[in-house]
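This report walks through a structure for a reader at the bench, beginning with one helix and moving outward to the rest of the chain. The sequence and the model come first.

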Amino acid sequence: QAQASPKFRTPFSARIAAMASNEPLLPGGGKRTRHTKASILYGADEYLEQLAKKYQEFDELATLLQAAPDAAHVDDEGAKKAARKDGAGAMLQLEVDDNKRSRKTQRAIPTPNIPDPMPSELAFMFTKISPEQKMYMWNIYTLIFVAESLTVVLYWALLRYGVSFAAATTAYGCIMVPLCIQNLYILHDVVHGATFPPYEWQNYITHPWADFFSLPWMDVIMEHNRHHNSTFDLLNHGEFGWDPANWLYVLQEWTFEWYGWLTVPLIPFWHMLGANDTGSIFALLWWSQFPDAGAGGKCDKAFYKKWLPLRVKHNAFVLSLWACVWLLGSYGLGRPLSEGWRFVLWVSLFMRIGFAAAWIFIANFNHSHWWNEFLAGDPDRTWPMLHGTMAFLLGGRHRWNEMLFHDVHHMCPGRIGAMSQRGRFHGWEKVHDACVEILSR
């Protein structure tokens, strides 16, 4: 019998374990490889170098992060060095009076009660995620974009090759809605901890299917951090300045009388029209506020050099994707070019349903009084049937933790990040138990 080659002398299970130990999900002691001209992928060291340069380029973000709820506890020297020391506009600062108190509530700027000394069972929640973990999340992000794009092609192929409209559309919707829900969760996870992608082209794939035009990635980062800086606590919306997300809560809390519930059914349609962070009319809202006007009410000098080119390039990419969908729905189905809209609308409908569903949970549920009153009824937040049902709908219990402990997230958006993000690397149960202990403190 021929002798087995050295490659196959090692048991299969051992080879699998060796590969798994190199995954970014697990802490490893292996060497970090550097990116070379001949290689395709970044190494972790060069990724760190790129991050430092990005904060220099986007000093507005660095400045915004220094006003975050947990800014004093975030260990990010790159952001601290790049932050503006003076001349920051209204969008980059907290709105407080001369006594450093909220103009709206007269409350002093709250300080998060971070454990000191840090208990060993909580340390993982406050540990900065590694470069490998950041790159892993961006790989997942890319995979979701590819899956969404291929699902559109699948829908076209089903219609093209004789599957009935009802069957093809049902199959498409059952795939696309969950994908878009996961798209939003990875977006939120990445915003809090893996802000800058390893590759420039990944800036364009974050949410192009959400609407026909939208905010570019850097604008999404800016407006979401602005949301955290103005709303430290879940129910005090805009306590420290204008919150771009405020109009998402109006239909549910314009009054606390019983008839306020009459407008709640309109919330999904408000989202589907593009009112959330990945939508078109939200983009118009943010663009009307940022960047701040320069001296004499003129455009900020960075507007034409930095922000306008980003917005044009992002939306050129978005429109090119939808143009491809139009062509698939017209010439690809043997129809005139003028009838491409019929396919575009069905493709967009289920994407909007998915994004709207995710935003309703992340924004409307988490920031509603009735939901937080419900959570207050059980400090340990133990409802097994509810956990199981919602985990199925949202794609896992680590996603559902985002709904149970969004107050912890708002306490430390930079240091802790997102509950879903932590769950990717440590499991939902460990994160759940840690959050319960954090709240008990």
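In this predicted model, helix α16 is largely enclosed by the rest of the structure, because seven of its eight residues are buried. The buried residues of α16 are H398, R399, W400, N401, E402, M403 and L404, a list that includes charged and polar side chains as well as nonpolar ones.

One of the neighbours of this helix is α7. Two packed helices are described by the angle between their axes and the distance between the axes. For helix α7 (residues 165–191) and helix α16 (residues 397–404), the axes come within 12 Å and cross at roughly 65 degrees, and the crossing is left-handed. The residues that make this contact are Q182, Y185 and H188 on the α7 side and R399, E402 and M403 on the α16 side; R399, E402 and M403 are also among the buried residues of α16.

The chain as a whole contains 19 helices and zero strands. Of its 441 residues, 51% are buried, while the chain exposes about 21300 Å², of which carbon and sulfur atoms supply 63%. Among contacts between residues at least 6 apart in sequence, 70% join residues at least 24 apart.

**Salt bridges**

The structure holds 12 salt bridges, and three of them are set out here.

| Salt bridge | N to O distance |
|---|---|
| E200 and K54 | 2.5 Å |
| D211 and R352 | 2.6 Å |
| E437 and R441 | 3.4 Å |

In the pair of E200 and K54, with 2.5 Å from N to O, E200 lies in the loop between α7 and α8 (217–230) and K54 in helix α3 (residues 44–57), so the salt bridge ties together parts that are 146 residues apart in sequence. The two partners differ in burial, since E200, at 47% relative accessibility, counts as partly exposed, whereas K54, at 13%, counts as buried. In the pair of D211 and R352, 2.6 Å apart at the closest N and O atoms, D211 comes from the loop between α7 and α8 and R352 from helix α13, so parts that are 141 residues apart in sequence are tied together. Both D211 and R352 are buried. In the pair of E437 and R441, whose side chains meet at 3.4 Å from N to O, E437 is partly exposed at 22% relative accessible area, and R441 is partly exposed at 46%. Salt bridges that share partners also join K54, E57 and E200 into one network.

Is the lysine K134 buried or exposed? K134, which is placed in helix α6, counts as buried because its relative accessibility is 8%, under the 20% cut-off for that class. Leaving aside residues up to four places away in sequence, K134 touches Y47, L51, K128, I129, G193 and A194.

**Surface and helix α13**

On the surface, W326, L327, Y331, L337, W341 and L345 form a nonpolar patch with about 610 Å² of accessible area together. The elements that give two or more residues to this patch are α12 (301–329) and α13 (341–365). L345 belongs to helix α13 and is partly exposed, with a relative accessible area of 46%.

P268, in helix α10 (residues 267–275), counts as partly exposed at 30% relative accessibility. Residues up to four places away in sequence aside, P268 touches A356 and I360, and the C-alpha atoms of P268 and F355 are 9.9 Å apart although the two residues are separated by 87 residues in sequence.

**Backbone features**

Most residues other than glycine have a negative phi, and most peptide bonds are trans. The loop between α5 and α6 holds K100 and Q106. K100 has a positive phi near 60 degrees and counts as exposed at 54% relative accessibility; Q106 has a positive phi near 65 degrees and is partly exposed at 43%. P117 is found in the loop between α5 (77–82) and α6 (131–160), and the peptide bond from D116 to P117 is cis, with omega near 5 degrees. A cis peptide bond also joins F290 and P291, with omega about 0 degrees, and P291 lies in the loop between α11 (280–287) and α12.

Technical notes: Residues numbered from 1 in each chain as written. Predicted model: local features only at pLDDT ≥ 70, side-chain atom pairs only at ≥ 80, totals over all residues. Heavy atoms only, no water. Patch = residues over 30% accessible without salt bridge, like charges linked within 9 Å, V, L, I, M, F, W, Y side chains within 5 Å. Areas by Shrake-Rupley, 256 points an atom, 1.4 Å probe, with all protein chains shown as cover. Salt bridge = Lys/Arg side-chain N within 4 Å of Asp/Glu carboxyl O. Helix = DSSP H or I, 4+ residues; strand = E, 2+ residues; numbered from the N terminus. Buried < 20%, exposed > 50% of the residue type's maximum accessible area, 1.4 Å probe, protein only. Contact = heavy atoms within 4.5 Å. Axes fitted to C-alpha atoms, helices over the stretch in contact; angles between N-to-C directions. Left-handed = near helix turned anticlockwise from the far one by under 90°.
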